[in-house]
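Work through the exercises below with the sequence and the 3D structure at hand. Try each task before reading its solution.

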Amino acid sequence: MKKIEAIIKPFKLEDVKDALAEAGITGMTVTDVKGYGRQQGHSELYRGAEYIVDFLAKTKLELAVNDEDVDNVIKIITDAARTGKIGDGKIFVTPIDEIVRIRTGETGSEAV
């Protein structure tokens with residue numbers, strides 16, 4: 001099993017969620033986060049004063065998927081989240097050693 005973490009633009013969340021659901025991928029954790037990469041933030045005007053916004057609003061998705069689904073999930077997220085502009089995000093894939101469903105005690109892929 002693998003954990004997929006995707007950092008995307010917030011307005012693309014519904015597109016990604018719908019695309020994953022259409023492919024039968026259910027269950028994810030969504031967190032509102034702030035960060036920056038190559039964008040390095042931007043400057044804005046507020047009441048005539050310019051200030052720098054260092055951290056940009058992003059959305060973080062976390063999914064636990066079977067090994068055979070990883071490539072498909074990455075493609076779905078990439079296709080649905082892409083705008084073609086800087087700041088579209090990143091996807092990280094890490095191994096999961098164990099999953100346990102607290103309510104039933106199920107483990108492994110049955111716990112997802």
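The exercises go from the whole chain to its helices, its core and one residue.

The model is predicted, so local features need pLDDT of at least 70 and side-chain atom pairs count only at pLDDT 80 or more, while totals for chains, interfaces and linings use all residues. Residues are numbered from 1 along each chain as its sequence is written, and side-chain values use heavy atoms, with hydrogens and water left out.

**Exercise 1.** Describe the secondary structure and burial of the protein chain.

Solution. Step one: list the helices (H or I, at least four residues) and strands (E, at least two), which are DSSP runs numbered from the N terminus. The protein chain has two helices and six strands, in the order β-α-β-β-β-β-α-β from the N terminus.
Step two: take the buried residues, meaning those under 20% relative accessible area with a 1.4 Å probe, protein chains only (exposed is over 50%, partly exposed in between). They make up 26% of the 112 residues.
Step three: look at contacts, meaning heavy atoms within 4.5 Å. Among those with a separation of 6 or more, 71% join residues 24 or more positions apart.

**Exercise 2.** Find which residues of H1 and H2 meet.

Solution. Step one: follow the axes, lines fitted to C-alpha atoms over the stretch in contact, with angles from 0 to 180 degrees between N-to-C directions. The axes of H1 and H2 come within 8 Å and cross at roughly 145°.
Step two: read off the residues. Asp15, Val16, Ala19 and Leu20 of H1 meet Val73, Ile76, Ile77, Ala80 and Ala81 of H2.

**Exercise 3.** Locate the largest nonpolar core and say which elements supply it.

Solution. Step one: apply the definition, a set of buried Ala, Val, Leu, Ile, Met, Phe, Trp, Tyr and Cys residues joined through side-chain atoms within 4.5 Å. The largest such core has 16 residues, and Ile8, Val16, Leu20, Leu61, Leu63, Val73 and Ile77 touch the most other members.
Step two: assign elements. Strand S1 (2-8), helix H1 (13-22), strand S5 (56-65) and helix H2 (70-81) each supply at least two residues, and H2 gives the most, with six.
Step three: check one member. Beyond its neighbours within four places in sequence, Val16 contacts Ile8, Leu61, Ile77, Ala80 and Ala81.

**Exercise 4.** Why does threonine 59 count as buried?

Solution. Step one: place the residue; threonine 59 lies in strand S5.
Step two: threonine 59 counts as buried because its relative accessibility is 1%.
Step three: list what threonine 59 touches, leaving out residues up to four places away in sequence: Ala6, Ile7, Ile8, Pro10, Leu13, Val30, Thr31, Asp32 and Val33.
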